[in-house]
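This report looks at selected local features of one protein chain, and it is meant to be read with the sequence and the structure alongside.

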Amino acid sequence: MIVGTSGHIDHGKTTLVRALTGVDTDRLPEEKKRGISIELGYAFLDTPQGQRIGFIDVPGHERLVHTMVAGASGIDFALLLVAADDGPMPQTREHLAVLSLLGIARGAVVITKCDRAGADRVQAVRAEMAALLHGTPLGGAPILAVSAQTGEGIDALRALLFEAACADRESASGPSDTQAFRLAIDRAFTLPGAGTVVTGTIHAGSVRVGDELAVSPALHERPLLARVRSLHAQNQAVEQAHAGQRCAVALAGVARDDVTRGQWLTHPAVALATPRLDVQLTLWRGEGQALRSGAHVQAHIGAAHTNATVALLDTDRLAPGDTALAQLVLHAPLGAWHGERVLLRDAAASRTLAGGRVLDPFGPTRYRRTPQRLAQLQALCQHTVTERVQALLAVAPHGADLAHLAVAQGLASLPHVAADGETLAQGGFALGAAQVQANEAATLQALHGFHDKHPDELGPDTARLRRLAAPRLPAPLWQALVARLTAQGRIALQGPVAHLPTHGAELSATETRISQKVGPSLQAAGFEGAWARDLARGAREPEPMVRTTLARLARRGELHQIVKDLFYPPDAMARLAALAREVGAQHAGEVQAGTFRDATGLGRKRAIQILEYFDRIGLTRRVGDTHRLRTDSALLQ
């Protein structure tokens, strides 16, 4: 359990931590000279049950609220301190706002310096604080009176913390396998023999000695990877650390100048830096006026902060105490994942305005206020990953990219979606039941329309059908949809050509005769293919009639027309596709025109024509000057 102090300057936060733990958290010479905390301080306390409680001592000065927020962002239990002689002061109220907006609901109020005030004064402060906490997440929290000088109440407070730590252990399920590791860096330094060391609170997942981690956002353009050399969790050397612990990580392969407070140490698979965050935002109840779109603020996430602009999404104004969906446009990219808490202060950093949690770290630039987008954000408000995925599939018309979702959610692996009779899941994408039905209906309607317009053609190839029916549906989902419709007998496939089972492009007697006559020449042409004029000359048939017959055969899926008037039989095209797959396997899935030319023995022009045909039918896709194999394509096998 991590305990964080809070409260006005000179209300005894550091003194109380020293009384509880025996550790002076003021480590800087300037702090000792001035008698005030400037930086975050750390201490630890062992419970009788063998647990270790971590303490984060924060500064109370009004100009150091950003440092206080950096420390408070990862705590489990808050101690809000108020001096008996002063009572609630400005930073008492602002620190309460910070804790409330960060969603911290476990804590206690500690009335310090009770040796300097009489019982009536302590009781009056107790009543003031109870009223101040009413209606906040900390409402009803225990209020204890202590004196670090006389020791009064210290044992009772220590017992309360021990009880909370036991409850924390009982409620925790242990390190989660679903969340990838991430730690908010709040300090970086070097140690002889250890090299670069970063410290912070682990927000999710677990880490072991020897793991490779990423630092994000990187201070330079290149990705920054490092290996864990050693670990200290809760100030003890360990082989593994997990969420909810203070952790020091010694890193190999990274220089001290490459890391700073505000960065994240994460599993490489979920490392990100984003300029736009979609959030669920609550305006502090004590704010004097509504928040409007376009407001300039300071955004705090983890141990980082940057200037930002607020764009309200589902309302024009946010009244004090109300909650709304919003997008934060950050002036500098920050690391953030679903569920991370965000705090907003005014642009002058003079007061705390609002807080909430991240819903989507990949906020869109356009169409951010459409009903469809707002429905997706409401789906992301659900409590568990499973509930969020199910809700998202119910409103996502083109399905969900599970790999993208896993990064946004900070997951160690793709969320599981079972492909059943209603939901489709393939190739890292998933499509909800209602959307499956809608896309099936659109596909059948597109085929009906095609048959009405082109009654003499068997049907479009599946790539063209996708452009007609579901152009924004991801390719893996489209292929799964076609396979589903085919298995149900609702469409039929002949090669790459799709048609309704009731529709057929029958050959006339003349076309059948021509087909039989040109067949041997097509087979003999091999990888070079056959031109319509050459086939007409060999068959001694009129060239227009041969060209019409060949086009009809291609539309039926019995031939492949690479370019105008150039045809290949299916077996030759299958062998060419096999060579393309072999070339791709040798070059990380990429097929270059030159390597394909060498593999087939064709000229460069013909090799390019065939690769472009593979792009059109969906065997490959063009990426720059290369053709990348679609690993989920079953064409021409």
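## Thr199 in strand 8

Thr199, which is found in strand 8 (residues 195–204), has a relative accessibility of 8% and therefore counts as buried. The coordinates come from a predicted model, and the statements below should be read in that light. Leaving aside residues up to four places away in sequence, Thr199 touches Leu183, Ala184, Ile185, Asp186, Arg187 and Phe189, and also Arg246, Cys247 and Ala248.

## Backbone features in loops

Pro217 is found in the loop between strand 10 (212–216) and strand 11 (224–233), and the peptide bond that leads from Ser216 to Pro217 is cis, with omega near -10°.

Ala349 has a positive phi of about 55° although it is not a glycine, and it is found in the loop that runs between strand 22 (341–346) and strand 23 (352–360). With a relative accessibility of 25%, Ala349 counts as partly exposed. Ala588, likewise not a glycine, has a positive phi of about 55° and is found in the loop between helix 16 (570–586) and strand 32 (590–591); at 66% relative accessibility, Ala588 counts as exposed.

## Helix 12 and its surroundings

Helix 12, made up of 13 residues (475–487), reaches 18 Å from its first C-alpha to its last, which is close to the 18 Å expected at 1.5 Å a residue. Its buried residues are Ala475, Pro476, Leu477, Trp478, Ala480, Leu481, Val482, Arg484 and Leu485. What covers these buried residues includes strand 25 (424–426), strand 26 (429–431) and strand 27 (492–494), together with helix 10 (433–453) and helix 11 (462–469). Just after helix 12, Gly489 takes a positive phi of about 75°.

## Two helix crossings

Helix 10 and helix 11 also contact each other, with Ala442, Thr443, Ala446, Leu447 and Phe450 of helix 10 meeting Arg464, Leu465, Leu468 and Ala469 of helix 11. The residues of this contact divide into 7 nonpolar, 1 polar and 1 charged. The axes of helix 10 and helix 11 come within 9 Å and cross at roughly 110°, and the two helices are therefore roughly perpendicular to each other.

A second crossing involves helix 13 (residues 509–525) and helix 15 (residues 543–555), whose axes come within 10 Å and cross at roughly 85°, which makes helix 13 roughly perpendicular to helix 15. On the helix 13 side the contact is formed by Thr510, Glu511, Ile514, Ser515, Val518 and Leu522, and these meet Met545, Val546, Thr548, Thr549, Leu550, Arg552 and Leu553 of helix 15. The residues of this contact divide into 7 nonpolar, 4 polar and 2 charged.

## The sheet of strands 29, 31 and 30

An open sheet of 3 strands has the order 29-31-30, and its pairing is antiparallel. Strand 29 (530–531) and strand 30 (560–563) are the edge strands, each of which pairs on one side only. Strand 29 is joined by 2 bridges to strand 31 (residues 566–568), the two running antiparallel, and the bridge partner of Ala530 in strand 31 is Phe567.

Is Asp565, in the loop between strand 30 and strand 31, buried or exposed? Its relative accessible area is 14%, so Asp565 is buried. Not counting residues up to four places away in sequence, Asp565 touches Ala530, Trp531, Ala532 and Arg547; Ala530 is thus a residue that both touches Asp565 and has Phe567 as its bridge partner.

How values were computed
Residues are numbered from 1 along each chain as its sequence is written. This is a predicted model: local features need pLDDT of at least 70, side-chain atom pairs count only at pLDDT 80 or more; totals for chains, interfaces and linings use all residues. Side-chain values use heavy atoms; hydrogens and water are left out. Helices (H or I, at least four residues) and strands (E, at least two) are DSSP runs, numbered from the N terminus. The expected span of a helix is 1.5 Å times one less than its number of residues. Buried means under 20% relative accessible area, exposed over 50%, partly exposed in between (1.4 Å probe, protein chains only). Contact means heavy atoms within 4.5 Å. Two strands pair if DSSP finds at least two bridges between them. Axes are lines fitted to C-alpha atoms, for helices over the stretch in contact, and angles run from 0 to 180 degrees between N-to-C directions. Angles under 35 degrees count as roughly parallel, over 145 as roughly antiparallel, 65 to 115 as roughly perpendicular and the rest as oblique. Ala, Val, Leu, Ile, Met, Phe, Trp, Tyr, Cys and Pro count as nonpolar, Asp, Glu, Lys and Arg as charged, and the others, Gly among them, as polar.
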